[in-house]
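Biologist: I would like to learn how the descriptive words for a protein model are earned. Could you take me through the reasoning one word at a time?

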Amino acid sequence: MRTKQEIETAFAPRASLAGRKSFFLVGIGGAGMSGVARMLSRRGFRVRGTDSTDSEVVRALREDGVEIWIGHSGDFVERGDALVLTDAIPLEESPEVAAARGFGNPLFRRSQVLGWLLEGQRTIAVTGSHGKTTTTGMIGAGLRASGLDPTIVVGAEVPDFGGAIVEGQGGLAVVEACEAYDSLRDFDPYIVVLTNLELDHVDFHGDWQGLRRSMEAFLSRIVPGGTLVYCAEDPGSREVAEAVAAEHGVATVAYTIEDSRLPELALPGRHNALNATGALVACERLGADPARAAQGIAAYRGAERRLQTIATKPLVVIDDYAHHPTEIVASLQAVRERWLPGAPEPGGPRLVVVYQPHLYSRTAPLIAEFAAALSQADFVVLTDIYPAREAPIPGVSSWRIAEQVTKPCQYVPQRHLLPREVAKVARPGDVVVGMGAGNIASFAPDFAKELERGSPERVAVLYGGDSAEREISLLSGREVAAALRRRGYTASLLDVSELLLSGQSLAKLAGPARPDVCFLAVHGSRAEDGAIQGLLELLHLPYTGSGIAASAVALDKDRTKTVLAAAGLPVPEGLAVCRDKHGEPPLPKEGAGWVVKPNKQGSTVGLRFVEEASELAAAVAYALQFDEVALVEDWVRGVEVSVPVLGAETLPVVEIVPASGAYDFASKYTAGATDEICPARLTPEQTALCQDYALRAHHALGCAGCTRTDMIVTPERVVVLEVNTLPGMTQTSLVPRSAAVAGIDFDDLCVRIVQDALNRSKA
């Protein structure tokens with residue numbers, strides 16, 4: 001933001017604009033800057049500029065012949081350009097400023113250029129702490145209704161005007177003059193409408209006296225024969241008006257709500273009735289027909305983000321620019337007046353305000369006032385402060401406001417989550433208002449889209465990944481997506497690893513178009529270990545399978561054995577062997593055979609069955625190609641089985657009979673290499689024990705959704721080998737085969753897994 005020293009030293013005087021032919025505008029897509037760009041272009045000047053983002057405004061300027069580049073760069077600034085800046089552009093960080101200084105080009109504020117363009121016209125400047133945009137638009141509407149043809153410069157897009165700028169030919173100009181950073185010093189007003197005045201923008205003015213001095217200096221610029229029109233109901237306006245009348249001889253006209261001679265307004269609220277009264281007084285001072293001006297003012301529907309109705313079904317959704325406690329109170333009162341008349345009833349419709357504070361420096365001295373103002377609503381949702389280019393101030397946070405709000409309040413720090421979080425708490429009949437001066441403007445339209453999402457039916461099937469089981473995952477994903485589509489879901493396939501590693505956008509997983517749930521058809525490392533789950537947690541997306549912690553533990557086979565043993569479950573004896581760069585790892589010298597496998601891989605990746613101790617080193621070296629740690633376990637010989645758990649229930653036991661005698665990667669995934677018998681050929685007692693162990697293992701690890709526990713059954717005991725948190729999901733995989741025996745076909749199994757994830761996300 002602009003400092004007083006910068007204003008005095010960094011910018012050329014307004015008079016030096018005379019003779020300039022080429023203008024380069026930095027931040028050209030903003031409402032104020034785009035209006036100046038249009039005015040310059042229509043007067044035949046060469047106009048170019050940059051902005052950080054593309055927008056409809058930028059595209060419209062391009063259609064008018066203005067050259068615009070997205071992204072800030074000094075590459076396009078040319079010698080002789082007058083560089084025009086918004087007050088949000090930091091001079092020492094701007095590449096355009098650096099380029100202009102290199103050429104010796106002058107710098108100008110937007111307000112300087114606008115004041116220069118309005119020279120020679122009778123200018124009505126609207127200023128004050130609140131209501132400037134609305135009052136400027138009302139005066140413009142009143143003058144036009146009276147048959148006059150003013151130039152109108154508003155600080156926001158006005159649908160009734162077709163934009164923020166109206167180019168008139170009547171020698172009159174109506175302009176919004178902001179008090180924030182002394183930009184109003186660049187205008188030569190004939191009439192000033194002072195709506196109100198209270199301390200704000202303390203980062204610039206410091207205190208009330210600093211703000212008062214700035215305003216009095218501006219009002220003293222009223223040209224001879226001009227007038228100050230001020231609201232006598234406001235103490236700040238009254239104090240300043242009396243001072244400039246006494247010290248500078250400025251003619252003044254006061255107005256109050258009792259002076260209103262207007263029909264019913266299109267805009268609700270007492271504050272807008274005051275704005276309209278001041279607007280009508282100003283129109284009359286310019287000789288406009290009072291009756292016609294009053295009709296024009298009454299019909300004025302407002303600028304964008306000034307109590308702008310975004311939707312009326314299934315809820316009323318409103319967007320508003322209020323960002324000061326006084327403005328918040330006025331806007332909330334107006335919303336109640338229009339949409340929720342009468343006393344609130346328990347369980348009835350509520351006024352829900354979703355608020356984003358604007359600037360740390362503005363929030364710091366007004367935390368209690370913000371809390372009190374927001375407490376005028378029935379339910380408050382707060383998000384983080386919009387900083388613009390300010391650095392955070394220790395101790396200044398939206399949470400400080402939330403603590404003091406006296407109505408039910410929810411704090412959602414990340415604003416992109418607001419639409420879905422507010423949708424969870426909104427009730428039929430509620431009126432929801434998005435409010436603030438920052439990028440909270442996106443909330444209301446995004447919330448309206450959120451309400452249109454309807455019942456959950458969008459599923460993103462995540463598949464692929466970058467583990468050794470990638471190909472299996474590709475098969476699982478395709479079959480799951482096909483099954484869900486057959487059941488009426490909108491299922492899309494996403495390879496998250498491919499998106500991330502190729503630098504593509506994750507936009508499909510965010511915003512109103514996001515999925516309702518993600519089906520994890522991924523396997524192995526960076527899939528079953530909590531990595532993808534962590535990403536989805538950051539995106540606040542429900543997903544199938546276990547959470548981060550359970551996934552991470554379950555893929556760590558050594559840690560899994562520790563947890564299961566602590567829960568009283570039998571596990572194979574063995575040891576973990578770390579990759580040792582300084583010598584041979586210690587290995588068993590005798591035994592009845594061993595199973596060697598990587599510690600954190602799929603159940604058959606890197607697996608070796610070893611009969612002789614002399615073969616152990618080679619098997620360990622092979623396993624260590626896939627992981628930092630290899631497990632060497634006693635080879636428990638018996639019947640290999642797998643027991644799926646679905647939710648809180650076990651499914652039939654599957655017996656695994658590999659033709660080779662060893663259930664390795666080839667046996668598992670080669671068609672015909674293994675017989676999978678379900679139900680397993682076990683005694684009733686063995687079957688019950690296997691199912692009990694599977695459920696206990698599932699709970700001991702904190703798993704959720706669908707898991708599959710692998711075991712070895714001997715005549716004497718059952719030994720638990722490991723737990724798979726994202727088992728394969730092809731039609732011939734073990735879990736679908738077991739489910740089919742239980743009477744659950746593949747499509748129904750996929751639906752059950754999806755519904756389980758959705759139900760858990762609502763718990």
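What follows is a conversation about helices, sheets, empty spaces and a few backbone details.

Modeller: Please keep in mind throughout that this is a predicted model.

Biologist: Why are helix 12 and helix 14 called roughly parallel to each other?

Modeller: The axes of helix 12, residues 325-339, and helix 14, residues 367-374, cross at roughly 0 degrees and come within 9 Å. Angles under 35 degrees count as roughly parallel, and therefore helix 12 and helix 14 are described as roughly parallel to each other.

Biologist: Which residues meet where helix 12 and helix 14 are in contact?

Modeller: From helix 12 come Pro 325, Ile 328, Val 329 and Leu 332, and they meet Glu 369, Phe 370, Ala 373 and Leu 374 of helix 14. Sorted by class, this contact has 7 nonpolar residues, 1 charged residue and no polar ones.

Biologist: What makes strand 22 and strand 24 edge strands of their sheet?

Modeller: The sheet is an open one of 4 strands in the order 22-25-23-24, with antiparallel pairing. Strand 22 (574-578) and strand 24 (608-610) each have a single partner strand, so one side of each is left without a neighbour in the sheet. From one strand to the next, the twist averages 20 degrees.

Biologist: How do you know that strand 23 and strand 24 are paired?

Modeller: Two strands pair if at least two bridges are found between them. Strand 23, residues 594-598, is joined to strand 24 by 3 bridges, and these strands run antiparallel. One bridge can be followed by name, since Val 595 has Phe 609 in strand 24 as its bridge partner.

Biologist: Which strands does helix 22 touch as it packs on this sheet?

Modeller: Helix 22, residues 557-566, touches strand 22, strand 23 and strand 25 (629-634), and its direction makes about 50 degrees with that of strand 25. Helix 23, residues 616-623, also packs on the sheet, where it touches strand 22, strand 23, strand 24 and strand 25, and its direction makes about 20 degrees with that of strand 23.

Biologist: What is the strand order in the open sheet of 5 strands, and how are its strands paired?

Modeller: The order in that sheet is 3-2-1-4-5, and the pairing is parallel. Strand 3 (67-70) and strand 5 (107-109) are its edge strands, as each pairs on one side only. The twist here averages 25 degrees from one strand to the next.

Biologist: How do you know that strand 1 and strand 4 pair?

Modeller: The requirement is again at least two bridges, and strand 1 (residues 22-26) and strand 4 (residues 82-85) have 4 bridges in the parallel sense. Within this pairing, Leu 25 stands opposite Val 84 in strand 4. Helix 2, residues 31-42, lies across strand 1, strand 2 (46-51) and strand 4, and runs at about 165 degrees to strand 1.

Biologist: Turning to empty space, how many cavities of 30 Å³ or more are there?

Modeller: The count comes to 2 cavities of 30 Å³ or more. The largest cavity has a volume of about 80 Å³, and the second largest has about 70 Å³. To be called a cavity, a space must hold a 1.4 Å probe that cannot get out.

Biologist: What classes of residue line the largest cavity and the second largest cavity?

Modeller: The lining of the largest cavity divides into 7 nonpolar, 3 polar and no charged residues, and Phe 519, Leu 520 and Met 729 are among them. The second largest cavity has a lining of 3 nonpolar, 6 polar and 3 charged residues, including Glu 528, Lys 557 and Asn 724.

Biologist: What lines the second largest pocket?

Modeller: This pocket, with about 810 Å³ of space, is lined by 27 residues, and Lys 424, Arg 514, Asp 516, Pro 542 and Ser 761 lie nearest its centre. Helix 27 gives the largest share of the lining, 5 residues. By class, the lining has 10 nonpolar, 7 polar and 10 charged residues.

Biologist: Where are the cis peptide bonds that you would point out?

Modeller: One joins Lys 313 and Pro 314, with omega about -5 degrees, and Pro 314 is in the loop between strand 13 and strand 14. Another runs from Cys 678 to Pro 679, with omega near 0 degrees.

Definitions and conventions:
Residues numbered from 1 in each chain as written. Predicted model: local features only at pLDDT ≥ 70, side-chain atom pairs only at ≥ 80, totals over all residues. Heavy atoms only, no water. Axes fitted to C-alpha atoms, helices over the stretch in contact; angles between N-to-C directions. Helix = DSSP H or I, 4+ residues; strand = E, 2+ residues; numbered from the N terminus. Parallel < 35°, antiparallel > 145°, perpendicular 65-115°, else oblique. Contact = heavy atoms within 4.5 Å. Nonpolar A, V, L, I, M, F, W, Y, C, P; charged D, E, K, R; others polar. 1 Å grid on protein atoms, 1.4 Å probe; cavity = no way out; pocket = protein on both sides within 12 Å on 5 of 7 lines; lining within 4 Å. Points joined across faces, edges and corners; volume = space filled by probe spheres on them.
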